[in-house]
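Here's an informal walk through one model, from surface to salt bridges to a pocket. Have the viewer open as you read.

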Amino acid sequence: MAVALVTTPRPGVKHFIGIDFDFGALKNSGRRYWGFIAVLGTFIVLGGAAWLLYFTHGGSVMAMRDGSPWGLWFTNYMYYVGLAAGGLVVYASVHLFGAEQFRPLSRIAVLLAGVFVMMALLGIITDMERPWRAVWMLLTPNPTSPFVYTGSAAGIYMVICFVDLWILITGFGGEKLARRMTLIALPVAIYLHTTTAFVLSMNKSRELWHTAMMVPIFLSSAIASGIALLLISAYVLTKVTDIRFKPSMFRSLSTLLSTVMIIDLFLITVDVLSVFWPTSASSGHTLRFAEFLSGRYAWAFLPVLILGFGAFALLSRRKTRHLPAVQITASVMYVVAVLFKRYSLMAMGFSYTTLGQKLPIYFPSAAEVFLALGILAFGMLILTVGVKVLPMEVPEYEDAEVTSL
Amino acid sequence: MVALSWRSPAGSDRRWLSRVLPLLVLLVLAALIALPSLSAFAGQAASGELFYYPCSSCHPVTMVPGTERPTRLLPNDFTGHKIVLVGHDKLGEDDVACLTCHDDPSRDPGKLKIAGGKLIDIKGDVSQVCYRCHSTQYKLWKAGDHGKGKPKCTAAGCHDPHTPGWIYAQPLQPFIGSGFQFRVLSQREAFSPLAPPAPAPAVDTPPWFRVIVVLGLVALGVQIVRLVLGRRKQ
């Protein structure tokens with residue numbers, strides 16, 4: 001973005017790899033900004049201590065056991081990968097379909113996507129206990145394991161996001177390159193969500209996972225939660241920075257959100273019905289599903305439907321849906337609903353062993369919780385600093401052809 | 001003959017063996033046949049014919065309160081039927097189960113309960129007793145599909161009403177006796193989820209981590225309070 005170079009002769013701006021890093025903004029930021037950074041820092045320290053615990057004590061400090069070999073990290077993996085999708089959809093619709101109203105969001109969207117995939121990957125790496133062994137996965141991949149595909153897709157996607165961010169900020173290659181990057185990023189993103197769904201759907205022994213429906217459900221809930229998160233972040237940005245968005249952009253975003261939401265809710269309802277319908281349910285299905293409708297996991301599954309349909313209802317009331325408060329509430333409800341959905345999806349498979357033995361409910365241990373919070377805080381830290389230091393505001397009348405360096 | 005062989009001098013060992021062996025085989029066979037009828041179901045009729053009929057030779061029977069002794073002396077000091085229900089034990093605890101089919105022993109248990117609260121004689125059409133609870137099976141039997149050509153559910157070749165998974169067998173011809181029972185239905189277990197697997201080892205949280213967590217949470221609390229207060233000042 002050549003314009004920024006000329007118009008920001010402020011002190012503290014460092015020009016590096018074609019980007020103006022505004023470190024001066026950090027110095028000028030108030031005590032509350034640093035207070036927030038300190039909170040994040042404390043969480044990161046606690047997360048670091050938890051990771052240290054993983055190294056020194058191994059799996060015994062986690063609540064994952066034979067019966068439920070995947071835990072909070074996997075819930076978060078699915079969740080973060082999904083949240084990253086919103087960024088891509090918005091970014092792609094700008095550069096591929098000319099949805100100009102979303103252009104002001106494109107940088108923050110791509111930054112969010114990159115950081116969330118990074119958090120997903122950090123979850124895998126920390127869970128490995130001996131992360132250096134990840135090398136072996138790269139050297140001797142097991143082609144029948146979906147983790148190989150989703151893991152590598154996440155890695156590639158993260159790199160694409162950060163390269164994209166750089167292209168968007170520097171304007172390198174102009175609109176043409178941005179468009180081409182979208183053409184790469186979009187299939188990779190679909191591949192990422194599909195292979196993440198495969199992790200569940202290719203398990204024949206866990207009835208409720210073993211459905212091709214997992215793939216569209218993953219895509220739709222990824223996009224819905226991602227857009228909801230983007231909407232929340234855009235509001236937060238207008239509060240903490242002097243970036244402003246037009247109300248019409250929020251309106252378009254929430255219309256898009258409610259559309260994807262209802263598709264997502266439709267898919268999950270149809271899946272629930274076809275799994276639970278008396279004439280089609282096998283005993284394993286019924287047994288597991290009953291746990292989620294009325295049994296031990298109802299607290300995790302019912303909110304998915306209640307919050308989900310509630311959020312849709314909020315956004316579909318014509319009189320109130322333009323109000324920021326309504327849009328934010330609906331978005332927060334859906335982001336939370338999808339978190340519950342991820343946990344439910346994972347727990348469904350582990351509520352009974354493959355032999356049909358009832359398992360105690362999985363609840364993450366303190367070490368797992370603090371590690372997850374630490375990773376989240378780390379991602380938030382990158383976002384908080386990034387928003388200050390990186391030029392996040394997209395110039396209003398940017399002419400892509402001229403700004404290419 | 002055995003005794004003879006026993007006394008015969010050494011050297012005729014083989015002849016002794018050849019005589020005893022058939023006898024041993026016969027004994028074992030007889031024991032095998034006798035065993036099933038002797039063991040668990042001794043005291044229950046195995047022929048489908050009534051052992052205790054007429055019931056009125058003892059009933060109505062009342063017991064001396066608080067004891068296992070009938071108020072009047074019964075033949076052979078009889079104190080009660082030792083009938084163990086198998087399968088139909090689901091019908092209730094102890095005597096309660098008997099009373100789902102039989103009338104009260106202090107009246108005439110030779111009367112059996114059928115649908116509609118009516119009573120029929122034990123020599124009557126007892127299949128109606130089964131009809132109360134197994135109407136499908138009963139209809140199949142009536143139509144001739146189940147228990148082909150048998151006159152009633154409890155005839156020889158059919159169910160013992162007390163251990164319905166077992167079948168009355170007619171006495172085998174060269175032997176004379178009460179016959180025996182054999183099991184036709186495999187022992188079924190009602191469905192229930194398997195027992196949970198062995199409890200997983202507990203989560204281990206070393207003390208130093210707890211200390212760090214507590215310190216961290218205190219620090220967080222202070223920071224958040226300051227953040228919130230700072231906002232109020234603004």
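Is B:L24 buried or exposed, or partly exposed? With a relative accessibility of 43%, B:L24 falls in the partly exposed class, because buried means under 20% relative accessible area, exposed means over 50%, and partly exposed is in between (1.4 Å probe, protein chains only). Before going on, note that this is a predicted model, where local features need pLDDT of at least 70, side-chain atom pairs count only at pLDDT 80 or more, and totals for chains, interfaces and linings use all residues. Residues are numbered from 1 along each chain as its sequence is written, chains are lettered from A and ligands numbered from 1 in the order in which they are written, and side-chain values use heavy atoms, with hydrogens and water left out.

**Chain B and its patch**

B:L24 sits in helix α2 (residues 13–38) of chain B; helices (H or I, at least four residues) and strands (E, at least two) are DSSP runs, numbered from the N terminus. B:L24 also belongs to a nonpolar surface patch with B:L21, B:V25, B:L26, B:L27 and B:L29, and together they have about 580 Å² of accessible area. Patch members have over 30% relative accessible area and no salt bridge, with nonpolar side chains (Val, Leu, Ile, Met, Phe, Trp, Tyr) joined within 5 Å; the areas come from the Shrake-Rupley method with a 1.4 Å probe.

As a whole, chain B has 6 helices and 4 strands, in the order α-α-α-β-β-α-α-β-β-α. Of its 234 residues, 22% are buried.

**Salt bridges**

Over all chains there are 4 salt bridges (a side-chain nitrogen of Lys or Arg within 4 Å of a carboxyl oxygen of Asp or Glu). Here are three of them:

| Pair | Closest N to O |
|---|---|
| A:D264 and A:K341 | 2.9 Å |
| B:R107 and B:D103 | 3.0 Å |
| B:K111 and B:D121 | 3.3 Å |

The A:D264 and A:K341 pair links helix α10 (residues 247–276) to helix α13 of chain A, 77 residues apart. A:D264 is buried at 0% relative accessible area, and A:K341 is buried too, at 4%. In chain B, B:R107 is exposed at 52%, whereas its partner B:D103 is buried at 9%.

**Backbone oddities**

Most residues other than glycine have a negative phi, and most peptide bonds are trans. In chain B, the bond from B:Y53 to B:P54 is cis, with omega near -5 degrees, and so is the one from B:H59 to B:P60, with omega near 0 degrees. B:P54 lies in the loop between α2 and α3 (94–99) of chain B, as does B:P60. B:D94, in helix α3 of chain B, has a positive phi of about 45 degrees.

**The second largest pocket**

A pocket here is an open set of points on a 1 Å grid over the protein atoms alone, where a 1.4 Å probe fits, with protein on both sides within 12 Å along at least five of seven lines; lining residues have an atom within 4 Å of a point. The second largest one holds about 1500 Å³ of space and has 42 lining residues, with A:F36, A:L40, A:V236, A:M380 and A:T384 nearest its centre. α14(A) gives the most to the lining, with 10 residues, and α6 (207–233) of chain B is among the helices that supply at least two.

Definitions and conventions:
Points joined across faces, edges and corners; volume = space filled by probe spheres on them. Patch = residues over 30% accessible without salt bridge, like charges linked within 9 Å, V, L, I, M, F, W, Y side chains within 5 Å.
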